[in-house]
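User: Hello! I would like a close look at the strands of this model and how they are put together. Could you walk me through that in one connected account?

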Amino acid sequence: MDARYKSREIERRSLDVDGLKRSFLEWLVYSVGKDARAATRRDWFHTVALAVRDRLVDRWMDTTRTYYQQDAKRVYYLSLEFLIGRLLTNSLANLGITDQCRQALDRIGLNLDDVVEAEPDAALGNGGLGRLAACFLDSMASEALPGYGYGIRYEFGLFEQRFEHGWQVEYPEQWLQFGNPWEFPRPEVLYPVQFYGRVEEFRDSVGERAYRWVDAERVLAMAYDTPVVGYGGDTINTLRLWSARATRDFNFGHFNDGAYMKAVEQKVLTENLSRVLYPNDATEGGKELRLKQEYFFTSASLQDILRRYLQHHSNFDSLPDKAAIQLNDTHPAIGIAELMRLLVDQHGVTWDKAWDITRATFSYTNHTLLPEALEAWPVRMMERVLPRHMQIIYEINAKFLNRSKARAAGDNGRLSRLSLIDERGDRRVRMGNLAFLGSHKVNGVSALHTELMKQTVFADFHAEFPERINNKTNGITPRRWLHQANQPLAALITSRIGNGWIKDLSQISALAEKADDLVFREEFRRAKRKNKKRLAAYIARQTGVDVQVDSLFDVQVKRMHEYKRQLLNILQAIALYNEMRDNPTVSWVPVTKIFAGKAAPSYHMAKLIIKLINDVAKVVNHDPSVHDNLKIVLLPNYNVTAAEIIMPAADLSEQISTAGMEASGTGNMKLALNGALTIGTLDGANVEIREHVGEDNIFIFGLTAEEVNDLRASGGFNPRDVIASNPSLKRALDMISTGVFSPDDPHRYHPILQALTDGGDHFLVTADFSDYCQAQQAAMDLYRDQEEWTRKAILNTANMGWFSSDRTIMEYATEIWDVHPVKPEHPAETET
Ligand code: Z15
């Protein structure tokens, strides 16, 4: 044991069962302040979390100190979202003390699984983009990379979704209500962030033109740190989240009677900045508060990064050698103008030098091609909220456009597309263009998406900077998504190939040869069945629907979005329902259709699709004529915690977006890694999943991205013709339009039918319907042959190693960031 441990009265570091047990009892009494008889499940969760936290603090400080002492190059991952979920299971597993903790709790008469259930799900993100950031944190720590996450400590995470009469209703997610044992408030780490005001021009000491931002409003950003435990517990990195605080003027101000209440009101308004996460996934609202959130956390993070850099350096020349800053989408792209402002206005660096440093420091990840998701802030708003940044953006733009090849070629169309300002209509700042121009590398998140970036949104920039765009196919952490979430399968895998796969997922390919082993197949099926039983119990608890464990679990879990085409899935469900009723004597493969996902509160079409799924489910689930061969469930409040139950239990993974529209997808990876077969279009990372798992082990259907593009370009698609020529589609749509699923309001689904017909079926639901139904039929047919199905499922798990976020993060580290693993140094540890 560490020599440091012994000198302490309380064993805050002991990793054995007795030490843990003593710690729990100490913490319960002296920190939670409860007697064991009075303690609730939540009290025990706080107790255990605090005791576990003790066991990582030393190594956390060792990690931070080592980075500091070695002046290591750090990478800073700036993200408006970190969808981290619960941390207790994760901390225990990565520290390697799950079993000890379970036993220690046993001895107190408690069950670890119950304690785990008392932790709120930290939902500081919407969907894929936020979860990717969380997987990257895990991988950076596990690969010993000096990586920091920077974001916002939202008081309210993503809303809680409930269904009332089948409609989505949103409730506030109060994850901090009972305190957060994982965070360390840092009231001394405080930076001012300004808004509004105006810019004054003046002459500096050598007579040069210079600018200062005056009369601005000030907010303080206060840091909260959360340790990020790498696998094995050696590296423990930091996630630093900012919370808005009113300036100290308030605390020290003295007010006459009227002014006091006004000042308090002002304080509350100021602190609203970090109150709530915007609930839109891949759509942009253009709200001023959102712009302020983006600038708030970006500015605080950059000030913190520069402060850390200046501990070892006296000028900024080597900033790019010591700091890599990754922009997770354009949300922190204002950081490019902010770093220019800090360097030029605050630190007296010349413009050209500052620009070289900025570009060499930043890189940018694009996550979508959807036009509605591309941020473009009105110039009038930006001028008001961030007047100095608007000037800087104009300056960057003028210098760039002056030198661009497009100008040389006299190509004004191209020049206007390259501009940072969209001059059409109300003038807007194109944040994607700013991010591209201010970065040395720009990446897409799957091979297909990266190619489409080159051909579409960034075609002109790609011509101008042909080396800048690169691909980094997304990945997922095998720790959370297999080792922790799927313990039956994880144990089975380890029993055959050892546990090296947890750290190096490429090793999982050794399972491929077990696909032909009948005993292994049987055990693989048994693990899946166990997970399905757990999900069935969860479904029963959440929805009251009883599902057959041995039915085909057909799963579509993701944000509700038209391009993801939950509508295609539910239409196929209606068609299958009709077939089952028409042919009651056929022996059908029992199918359970499982949906889950939130719709943005203002996305009416997505909310209507939720209601449709719930309405169809009600009819189908109560119809005795299908003999329980079809069940449909829409689980409420999909989040990371629900995903951890769902992913391991799926047989079939629905990845059915309109080709060309899903940048990557990552749920597709979680499901395939857990042994689900994919039914999907050639979109996003599905293309690469097919290459890895093999085309015989995946159900691909539908138009390709190129075909979608051609079809839309030719304008030669009439959904009415397609519907007329497909009786089962026509029947399904007629049932919806005649109110079979909504007898109380037969016209309820008119907007959906409208979109599929007169609306031109933008997402090509009708165009892909028939091919999709055939692929579904192939899946059901295969499911009858459990041996063959299991063989393919095993090959999916075995061939998904490449999709580890460890692989992704090491590609970023070597090809974009130039950061290297740094092993934490532990001061004088002696064995006893
Ligand atoms: C988001 O979750 C994604 C893209 C966005 O532009 C925004 Cl604002 C949110 C998703 C993509 O839709 C998904 O395909 C991708 O896998 C994920 O980001 C991570 O790259």
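Analyst: Happy to. Two strands are taken as paired if DSSP finds at least two bridges between them. Please keep in mind that this is a predicted model.

With that, let us begin with an open sheet of 9 strands, in which the pairing is mixed. Reading across, the order is E5-E8-E9-E2-E1-E10-E11-E15-E16. Strand E5 (184–195) and strand E16 (469–471) each have a single partner strand, so they form the edges and one side of each has no neighbour in the sheet. On average, and ignoring direction, neighbouring strands here are turned by 25 degrees against each other.

At the E5 edge, the partner is strand E8 (residues 217–229): the two run antiparallel and are joined by 9 bridges. One place to look is glutamine 194, whose bridge partner in E8 is arginine 218. Helices pack on this sheet too. Helix H3 (residues 41–69) touches strand E1 (74–78), E8 and strand E9 (236–245), and its direction makes about 90 degrees with that of E9. Helix H35 (residues 805–817) also packs on the sheet, where it touches E1, strand E10 (323–328), strand E11 (362–365), strand E15 (441–444) and E16. The direction of H35 makes about 150 degrees with that of E15.

Leaving E10, the chain enters a loop that leads to helix H12 (334–346), and aspartate 329 lies in that loop. Aspartate 329 counts as buried because it has 24 C-beta neighbours inside 10 Å, and 20 or more is the cut-off for that label. Not counting residues up to four places away in sequence, aspartate 329 touches Leu129, Thr365 and His367. Its C-alpha is also 6.5 Å from that of tyrosine 364, although 35 residues separate the two in sequence.

Now for another sheet. This open sheet has 6 strands with parallel pairing, and its order is E19-E18-E17-E20-E21-E22. E19 and strand E22 (699–700) stand at its edges; each has a single partner strand, so one side of each is left without a neighbour in the sheet.

E18 is a good strand to follow here. E18 covers residues 591–596, and 6 of its 6 residues are buried. Its side chains point two ways: Val591, Lys593 and Phe595 go one way, while Thr592, Ile594 and Ala596 go the other, and all are buried.

E18 pairs with strand E17 (residues 552–557) in the parallel sense over 6 bridges, and leucine 552 stands opposite valine 591. Strand E19 (residues 630–635) also runs parallel to E18, and 6 bridges join them. In that pairing, alanine 596 of E18 faces leucine 635 of E19.

The connections between these strands go through helices. E17, helix H24 (residues 566–582) and E18 make a right-handed β-α-β unit. From E18 the chain crosses through helix H25 (residues 604–621) to E19, and this β-α-β crossover is right-handed.

E17 also has a parallel pairing with strand E20 (residues 652–655), over 2 bridges; there, valine 555 stands opposite serine 653. H24 packs on this sheet and touches E17, E18, E19 and E20, with its direction at about 155 degrees to that of E19.

One further residue deserves a stop. For Lys670, UniProt lists "modified residue: N6-(pyridoxal phosphate)lysine" in an unreviewed entry, and such annotations may be inferred rather than shown by experiment. In the model, lysine 670 is found in helix H27 (residues 667–673). It counts as buried because it has 30 C-beta neighbours inside 10 Å. Leaving aside its neighbours within four places in sequence, lysine 670 is in contact with Ile476, Trp481 and Met647.

Finally, a step back to the whole chain. It has 35 helices and 22 strands, and buried residues make up 49% of its 832 residues. Among contacts with a separation of 6 or more, 76% are between residues 24 or more positions apart. The C-alpha trace spans about 90 × 75 × 60 Å along its principal axes. The radius of gyration is 28 Å, which agrees with the value near 28 Å for a compact globule of 832 residues.

Conventions
Residues numbered from 1 in each chain as written. Predicted model: local features only at pLDDT ≥ 70, side-chain atom pairs only at ≥ 80, totals over all residues. Buried ≥ 20, exposed ≤ 12 C-beta atoms within 10 Å, placed from the backbone. Helix = DSSP H or I, 4+ residues; strand = E, 2+ residues; numbered from the N terminus. Right-handed = clockwise from strand over helix to strand, strands pointing away. Contact = placed C-beta atoms within 7 Å. Axes fitted to C-alpha atoms, helices over the stretch in contact; angles between N-to-C directions. Rg over C-alpha atoms; globule rule 2.2 N^0.38 Å.
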